[in-house]
Amino acid sequence: MSQSRVHLWLMAPALLLMLLILIIPIFAALGLSFTNYSLGNSGANFVGLQNYEQIFTRTTYQKMFGATIRYVFVVVPITVGLGLGAALLIKSLTRFGDLYKTIYFLPVMAALIAMAIVWEFAFHPTIGIINSTLEQGCGTVLENWGWYANGCERTFPLWLTDRNYAIWTVAFIGIWQGFGFNMVLYLAGLTSIPKELYSAAEMDGAKSSWERFRLVTWPMLGPTTVFVVTISFIRSFQVFDMVEAFYPQGGGPSKSVYVMMFALYEKGIQQNLMGIGAAITVVFLVFVMLLTIVQRWLVDKRTHYV
Amino acid sequence: MANIRLSNISKRFGNTDVLNGIDLDINDREFVTLVGPSGCGKSTLLRILAGLESADTGTVSIDDTDVTRIRPADRNLSMVFQSYALYPHLSVAQNMLTPLKLRDLSFPQRLPLIGPLLAKTEYKTLYQQIKNTAQILKIENLLDRKPGQLSGGQRQRAALGRAMVRDPLAFLMDEPLSNLDAALRVHMRSELTQLHQRLRATFVYVTHDQSEALTMSDKMAVMMKGKILQYGPPDEVYHNPQTIDVARFIGSPAINIIPGSTDETGCVSLFGKSLETHVSYPHSTLHIGLRPEHLSLSENNGNSFPGIIRHIENLGSDLFYHLETEGMSQRIVVRSSQSEGKRLPLGSLTYFKAQKNKLLIFGESGNRLTVKSQKLAEVA
């Protein structure tokens, strides 16, 4: 039987590229993660699971997981919630919708490393706009709030350099930067909801906007939400440039902002410990993989209507 | 169940007048069809009646109560949409439960998980209602399926079920059959008619398909350009159209409109032959409407007109001959039943005659003219 082999030739470039730039590097990283290789060394010793053992036992890496998890679990729900809220509000506007879209989307387009410098000034303990604004409120009713009174008495927090505040401050900037992107995704999702469904809900007796949201908007946004949540998770796991800009050395006050990507950069690039760097990469990949699997499962199970 | 009265309804979208002072009375338990070409404002009128759209002027009253300022949810009407508008994430049973839940249960009783525990007996009666409705529509075996798993006809039934499950004052339907294939559409027509008889409810039905309007309704309102041109029973509208537009729109194949004229006594002539029919407008040009079934092929005699057969439409039971006649760009359609035997070949010359008592005479402006006197005997 003469079967054409053209299809193999047509697939070959894509397969080859995928192999070269995706599959081989992943396996190379996996291989390196079992060694103590450093760049420039002629050889490396096989160390087995030692790198992974370090990641899951040493306190530095516990701090890494702590900082990453705090950041991710604050930033993801809030950016998703704000993104949805902003999209619903903009959708309900008859005028100025485009203006608000632009305003909320600006931080997404801006380079985070440049924005980080602006925020560093704003959060400066003495000359920063935030603390000087807070000081204006001293002597007013605000002092009834214990935290505020404390701030007036001594000083307001050092935001970026206080280990109790640093990770939350960084998370705040992450939210500011990220929710505009989710808003745009939700706006696209909202436009695809058929108008007749809202008419049907009204005829069925859904009188309040909350009832219409529960009955129509939220379920119809299901596929969008799954996508938005997944992409937010992956983006939050990847946070790096802001940490590098604020804390070029060591990941913040007592390593409280030592997020995964920064650890990877510090170990693998700055300290040239390729073995441990590769191990962190593999752990990161596993996280992303798990998230993707959960997303696929949710899309198939819960939001696949047709 | 209720009567509905629309008075002086007008609506503009931007610079276009969609509705122009519409008055419409719908009696209790009537099946009323709003029919017209697309863009005539029939759907807008239905949405104004439902409350989904507000009118610029005029009032809507249901059951002799003014509901113009009342929101749709409080008007107690139910609606079937062209796209069905079923909630895609809910099963058929949950779709049907939604209107019951939102109207009959309190907020805590509607909560997921806790709600059914709080109000066991209420939920039981609601599910019984759903079952009864499903039985009428023969969709009991579909109750657990999602809309995405249903065929077009099944979705249509589910949408009907959601409208029927509670007891609304009236049913509003916005082209509910237009997404179905031809065979199913004809079948659903008779089912809807039977459903109307069974429920003994007021139905307001919007369609662009004149055959749906003719077959299903007690009364039909023919709408064009934001106005109701004629409102009456289908027979009346078909046999006695008040304007040439109504005559043209109702009936398939369409009515033949032939130019005619009157002499000094008001005697009407067609293709230069006097029809011995008089109207009170001497010396004017007219439009004469003749439905294909009121024309028939005949021998060549003093009362017949010649024509060349250009096209034959075979509908099985009937044959429609499209004839080319002198001085007319439009072809004249003549019905001939199959049993009349001989089929004439294309391109051959033939003759046709008209039943004179079926003439519909319209003036130049398109308004119907009354016949003053007529020699009734059909001269053939």
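What follows is a walk through a predicted model, starting with chain B as a whole, moving on to its helices and ending at the contact with chain A.

Chain B first. Its secondary structure adds up to ten helices and 21 strands, and the C-alpha trace stretches over about 85 × 45 × 35 Å along its principal axes. The domain assignment splits the chain into domain 1, residues 4-243, and domain 2, residues 253-374. Taken over C-alpha atoms, the centres of these two domains of chain B sit 41 Å apart. Of the 380 residues in chain B, 38% count as buried. As for who talks to whom, take the contacts in chain B between residues at least 6 apart in sequence: 63% of them join residues at least 24 apart.

On to the nonpolar packing. The largest nonpolar core holds 156 residues, and those with the most contacts inside it are Val170(A), Leu49(B), Leu172(B) and Val222(B). Both domains of chain B chip in, with at least three residues each from domain 1 (4-243) and domain 2 (253-374). Val170(A) has quite a list of partners: setting aside neighbours within four places in sequence, it is in contact with Tyr71(A), Met242(A), Val243(A), Phe246(A) and Val257(A).

Helix 7 of chain B deserves a closer look. It runs over residues 182-199, so 18 residues in total, and its first and last C-alpha atoms are 25 Å apart, close to the 26 Å expected at 1.5 Å a residue. Its buried residues are Met188(B), Leu192(B) and His196(B). These three cover an arc of only 80° around the axis, so they end up on the same side of helix 7 of chain B. Flip to the other side of that helix and the exposed residues turn up: Ala183(B), Ser190(B), Gln194(B), Gln197(B) and Arg198(B). The cover over the buried residues of helix 7 of chain B includes strand 3 (31-35), helix 6 (152-164), strand 8 (202-207) and helix 8 (210-216) of chain B. Just past the end of helix 7 of chain B, Arg200(B) adopts a positive phi of about 50°.

Met188(B), which lies in helix 7 of chain B, shows how that buried side is packed. Met188(B) has 20 other C-beta atoms within 10 Å, and so it counts as buried. Not counting residues up to four places away in sequence, Met188(B) touches Gln156(B), Leu177(B) and Leu180(B). One of these partners, Leu177(B), is eleven residues from Met188(B) in sequence, and the two C-alpha atoms are 7.5 Å apart in space.

Helix 5 of chain B, residues 120-137, is another 18-residue helix. At 1.5 Å a residue it should span 26 Å, and since its end C-alpha atoms are indeed 26 Å apart, the two values agree. Right after helix 5 of chain B comes Lys138(B), with a positive phi of about 55°.

That leaves the contact between the chains, to which chain A gives 17 residues and chain B gives 19. On the side of chain A that touches chain B, the elements giving two or more residues are helix 9 (195-203) and helix 10 (209-220) of chain A. Helix 9 of chain A makes the largest contribution to that side, with six residues. By character, the residues on this side of chain A break down into nine nonpolar, three polar and five charged.

Terms used: Residues are numbered from 1 along each chain as its sequence is written. Chains are lettered from A and ligands numbered from 1 in the order in which they are written. This is a predicted model: local features need pLDDT of at least 70, side-chain atom pairs count only at pLDDT 80 or more; totals for chains, interfaces and linings use all residues. Domain bounds come from an automatic or database domain assignment. Two residues are in contact if their C-beta atoms, placed from the backbone, lie within 7 Å. Helices (H or I, at least four residues) and strands (E, at least two) are DSSP runs, numbered from the N terminus. Ala, Val, Leu, Ile, Met, Phe, Trp, Tyr, Cys and Pro count as nonpolar, Asp, Glu, Lys and Arg as charged, and the others, Gly among them, as polar. A residue is buried if 20 or more other C-beta atoms lie within 10 Å of its own, exposed if 12 or fewer, and partly exposed in between; C-beta atoms are placed from the backbone. A nonpolar core is a set of buried Ala, Val, Leu, Ile, Met, Phe, Trp, Tyr and Cys residues joined through C-beta atoms within 7 Å. The expected span of a helix is 1.5 Å times one less than its number of residues. The arc is that of the directions from the helix axis to the C-beta atoms.
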